[in-house]
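Q: I'd like a close look at a single spot in this model, taken slowly. Could you walk me through it and then step back to the chain around it?

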Amino acid sequence: MAANTVLNYLPRKSVIHRLTGTTKLAFFLLFTFASMITYNTWVLLGLLAVSIAAFRLSKIKIREVRFMMIFMLVFLLLNNLFIFLFDPNQGTHLYGTHHVLCHLFWRYDLTAEQLFYMVNISLKYFVALPVAILFISATDPSEFAASLNSIGISYKVGYSVSIALRYIPDIQRDYHSISQAQQARGVELGKNEKFFSRLKNSVNILLPLILTSLNRIDTISNAMELRGFGKNKKRTWYTQRPFARRDFLTLALGVLLLLFSLTVTIKCGRFYNPFC
Amino acid sequence: MTEQNLPVISFKDFSFQYRAQKKPTLTGINLDIYPGERVLIAGPSGSGKSTLAGCINGLNPFSNPGECTGSLIVDGVDAPHSSIFELSAHVGTVLQDPDGQFIGLTVGEDIAFALENSCMPQEQMHSITRHAAELVGIQDHLDYAPHELSGGQKQRVSLAGVMVDQVKILLFDEPLANLDPATGKQAIELIDEIQQKTDTTVLIIEHRLEDVLWKNVDRIVLVNEGKILADLHPDELLSTTLLADNGIREPLYVTAMRYAGIEIAPCKKPSHVNSLILDQTDQKMLQNWFHQKELSEPSGTPEPLLEIKNLSFGYTRNHPTLKDVTLTIYKGEMVSIVGRNGAGKSTLSKLICGFETPDQGTLLFNGRDLSGENIRHRAKYIGYVMQNPNQMISKTMIFDEVALSLRNSGMTEDQIREKVENTLKICGLYPFRNWPVSALSFGQKKRVTIASVLVQDPELIILDEPTAGQDFYHYTEIMEFLRTLNQRGVTVIMITHDMHLMLEYTPRALVFSDGQLIADRSAAAVLCDESLITQAALKETSLFTLANRCGITPPEAFVERFIEEDREVRDNGR
């Protein structure tokens, strides 16, 4: 059965995959921070170039992370829509000018400033998104918990995240078989059923799914406890790899990008203004 | 054997009561286990044997709160007053479910889990992990993910995972429950081998006595109703009737000898069928018993119910799960489907029920082609019962659960009530009709799931592992119920790993291997065919060995004779 998980590890032989989990997490945080503090279009375009380059290097194809992409695009669209609905003059406030492109309705005018502002916001998403996807898809799940732990998050939290990721395929399989058994008892979950009755009928799958999952949790937590999980404040990691030169280089790049973004922000302000 | 030594585990007037229970689950336990011993703890479900194990490894009372009285010393540690972590350095526990206890994402990581928790430096960790993997023979799979391993390999990983701590005591909680028969046999061999290499003390909790006795066991501790009833050498225990009296199945060859009127005594060494001492008179008695009665012949010409022709199917292209399967199921039959995990057994049932669509081939039901009918249509005459009742039950009340499929069919509430009540009566669940499902035992839940399928009046029921993890009492309860259904005219197909089930309840067995049907004959004949047994990862029955040792031919006739006698004894009560 093809496990089409929403977010999963896609093993490849690439430079990005060879970086340690800690490096990827740290770079992700530095990079996101760098893109969050600035609205400067040029800086964002520069970061976007780095981001896309990293994605290309990872040898992961867009089609493989399509779901995540679409999800983010929808989210972005909604975000832009609401920014516009709540304050159509935000751009004018920021850039100080008011160039009306066309009048829409009531108090809503579409201005060049507002459009430019929203383009910048969208850019931020596009900058951060590939790196975020890379962190999840190119980090071996075994290293995931270790990397979270290495930046100071309790290993218990890290481990529960990684156990949860590990169980997604199992739970999907459970879901599948439960749903088949329910259909065999006349509960319609097929594609040719109306959306709402499908939704209503899905509740029938929920109870058995929760019960089976609780059972799984019970077994695994017993097994973990019996083997000393939670005994010490710290733990070591079987899969943790030592830092290599590429890790230091990547981290240096992350720091440089952040510094660059900071410098530009401090010297020239957060916004690049093409209107004056 | 090592009486002069100090015991490694010592219970003194020990009792344990779960916080949620009104009565203690264990009372007055006095038990000493010495270093290097191999002890089998046997008992029916709910006897307290798992609670006993839980007290040794610390799950009780540290994970499941409860109250201990008396004393329990485990490897010098005062168990009830230590902690689960302290005990884990002394007792290594291999749990029942090899899937559920797989923590790491790869074999290596899983084996190293305990070492990670003890903050061991990485280099040392890697070398110990490799060493433990070599001990159980899994060193070539260190990078494998759990889903790439077979059940037997997973169990090896679990064992290696507790071996890294250099524990003195190994505790196996129903190690055979989820394995196919051949893998179960290997598991017992592995445990034996590890015990000899490391000289640990081994405790095995199991109710499948005959399978554990495949290798030497020093003692059997029989537990029931929270008390220790016997603590004897296997030869001595098998010479008593204590096992059968407490709902544990004796080895089949022992039962056969009893039927033939042979007195079982420790001097006959009854714990292994191969080393059992059978003198001339014993052999004569078994032969006489065999010839005493003619086997009954099957009667009537059967009418086909389900015809499967040239069926092929694969989940992915170029990887067929089923290859060109042709077979016929007749009306009123009770058939078992056997073979190792992944042989295509479950896939076949999914194709029959319409969960998947075949790539090739036809399915005829009562001569009608099924290809145009979806799951819901087929469900009216083909019922499917999953292995785990918790995966099927979606309502909180029993009545609603059984009524579910009818509510979707547009019957009136009165019609539904009548139908459901009738079904509940057949299933012996009528007194419970207004109970919540959660109040039922596992076996009763199983019945509810069968009832919820039966309510649609199917002509054919397919059950996936109907008795997995059940002790002899519950096994008999479920199987006798299925037999009564069968006598009412319902055709029953069962997918199973249980060789006893196949022998006792299904005259015909379909054997699958690598997606192909490799045998279709009587269950007794299947379990007397050595090449077939190896190919399909089955396990020969000890009755076959016994027949051979007494020169009875053909051995399958001896097996069938036994089954008939057993049936009579069961029907008339002992």
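A: Here is a look at one glycine of chain B, followed by the chain as a whole. This is a predicted model, where local features need pLDDT of at least 70, side-chain atom pairs count only at pLDDT 80 or more, and totals for chains, interfaces and linings use all residues. Residues are numbered from 1 along each chain as its sequence is written, with chains lettered from A and ligands numbered from 1 in the order in which they are written.

The spot is B:Gly339, in the loop that links strand E13 (334-338) to helix H14 (345-353) of chain B. Helices (H or I, at least four residues) and strands (E, at least two) are DSSP runs, numbered from the N terminus. B:Gly339 counts as buried because it has 28 C-beta neighbours inside 10 Å; the cut-off for buried is 20 or more other C-beta atoms within 10 Å, against 12 or fewer for exposed and partly exposed in between, with C-beta atoms placed from the backbone.

Who sits around it? Leaving out residues up to four places away in sequence, B:Gly339 touches B:Lys345, B:Val511, B:Phe512, B:Ser513 and B:Ala536. Contact here means C-beta atoms, placed from the backbone, within 7 Å. B:Leu538 is 199 residues away along the chain, yet its C-alpha atom is 6.8 Å from that of B:Gly339.

Stepping back, chain B has 24 helices and 20 strands, and 50% of its 574 residues count as buried. Among its contacts with a separation of 6 or more, 67% join residues 24 or more positions apart. The C-alpha trace of chain B spans about 70 × 60 × 50 Å along its principal axes.

Methods. Contact = placed C-beta atoms within 7 Å.
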